[in-house]
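User: I am new to reading structures and would like a close look at one part of this one, with enough background to see where that part belongs. Please go slowly and connect each step to the one before.

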Amino acid sequence: VSGERSLKCRDCGFHFFVNSAAAVAALVTNDEGKLLLTTRGVEPGYGKLDLPGGFIDPGESAEAAVSRELWEELGLKVKSMKYLESAPNEYIFSGFSVFTLDMAFRVVPESTENLKAMDDILDFRFYAGNEIDYSQIPAPSISHFVKQFFKK
């Protein structure tokens, strides 16, 4: 027996609910106001553009996840951050839909010098709004956050 958002085993009665996982995305700019985008080093979207960020660990706040992800992916230290908005997302991982609620944060870094692509990113670059090919941003939530950023 299953519903739209749940699956229940007829044999053992285990009930699994399909819920969104929490994730964060950081909008970081350099001194020229260009936005930092990363190149994904993992599926889904290997080789495509993304904002730095990732899943929130159990027991971790969204703010702590932003700081951790920026440190793990780029060696970037956060000076301050401000929550902007959230957007739903869905991507296919190992043949399954993974639903996320992505939370965007505007981040002021301590510095954008000496950043290094690490963890699950291949590369990074700072982009002006007119330099971005949105077809290279596969996640609808991330594309939305980037478009909203450049509207301001």
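Analyst: Accessible areas here are calculated by the Shrake-Rupley method with a 1.4 Å probe, and on that basis the protein chain has an accessible surface of about 8900 Å², with carbon and sulfur atoms accounting for 53% of that area. Please keep in mind throughout that this is a predicted model.

Before the close look, here is the setting. The protein chain contains two helices and nine strands, and, read from the N terminus, these elements follow the order β-β-β-β-β-β-α-β-β-β-α. The C-alpha trace spans about 60 × 35 × 30 Å along its principal axes, and of the 152 residues in the protein chain, 37% are buried. If we take the contacts between residues at least 6 apart in sequence, 62% of them join residues that are at least 24 apart. As for charge, the mean positions of the 16 positive and 22 negative charges lie 5 Å apart.

The part I have chosen for the close look is strand β3, together with the strands that pair with it. β3 covers residues 21-28, and the strand is mostly covered, since six of its eight residues are buried, that is, under 20% relative accessible area. Which strands does β3 pair with, and in what sense? With β8, the pairing is parallel and extends over eight bridges, and within it Ala21 has Thr100 as its bridge partner in β8. With β6, made up of residues 53-55, β3 runs antiparallel, and three bridges join the two strands; here Ala23 stands opposite Phe55 of β6.

Following the β6 side, we come to Gly53, a residue of that strand. Gly53 has a relative accessible area of 17% and therefore counts as buried, because the cut-off for that word is under 20%. Setting aside residues up to four places away in sequence, Gly53 touches Val24, Ala25, Glu69 and Glu73. Gly53 and Ile142 are 89 residues apart along the chain, yet their C-alpha atoms are separated by 10 Å.

Following the β8 side instead, we find a second pairing: β8, residues 96-109, runs antiparallel to β7, residues 78-93, and 14 bridges join them. One facing pair across these strands is Lys82 and Arg106, the latter in β8. β7 and β8 form a hairpin, with two residues between the strands, and in the turn Ser94 has a positive phi of about 55 degrees. Asn89 belongs to β7, and its relative accessibility of 9% makes it buried. Apart from neighbours within four places in sequence, Asn89 is in contact with Val98, Phe99, Thr100, Asp102, Ala139, Pro140 and Ser141. Thr100 in that list is the residue we have already met as the bridge partner of Ala21, so this step leads back to β3.

What of the charged side chains around this picture? The whole structure holds seven salt bridges. One of them joins Glu131 and Lys34, whose closest N and O atoms are 3.9 Å apart; because a salt bridge requires the two atoms to be within 4 Å, this pair qualifies. Glu131 sits in the loop between β9 and α2, whereas Lys34 sits in the loop between β3 and β4, so that the bridge links distant parts of the chain, 97 residues apart. Glu131 is partly exposed at 33% relative accessibility, and Lys34 is likewise partly exposed, at 27%.

Another salt bridge brings together Arg40 and Asp50, with 2.7 Å from N to O. Since Arg40 lies in strand β4 and Asp50 in strand β5, this pair ties together parts of the chain that are ten residues apart in sequence. Both of these residues are buried, whereas Glu131 is partly exposed. A further pair, Arg68 and Glu60, meets at 2.8 Å, again from N to O, and salt bridges with shared partners join Asp57, Glu60, Arg68, Glu69 and Glu72 into one network. Glu69, a member of that network, is also among the residues that Gly53 touches, which brings us back to strand β6 and, through its antiparallel pairing, to β3.

Notes: Residues numbered from 1 in each chain as written. Predicted model: local features only at pLDDT ≥ 70, side-chain atom pairs only at ≥ 80, totals over all residues. Heavy atoms only, no water. Helix = DSSP H or I, 4+ residues; strand = E, 2+ residues; numbered from the N terminus. Buried < 20%, exposed > 50% of the residue type's maximum accessible area, 1.4 Å probe, protein only. Contact = heavy atoms within 4.5 Å. Lys, Arg positive; Asp, Glu negative; His and termini not counted. Charge placed at Lys NZ, Arg CZ, Asp CG, Glu CD. Pairing = 2+ DSSP bridges.
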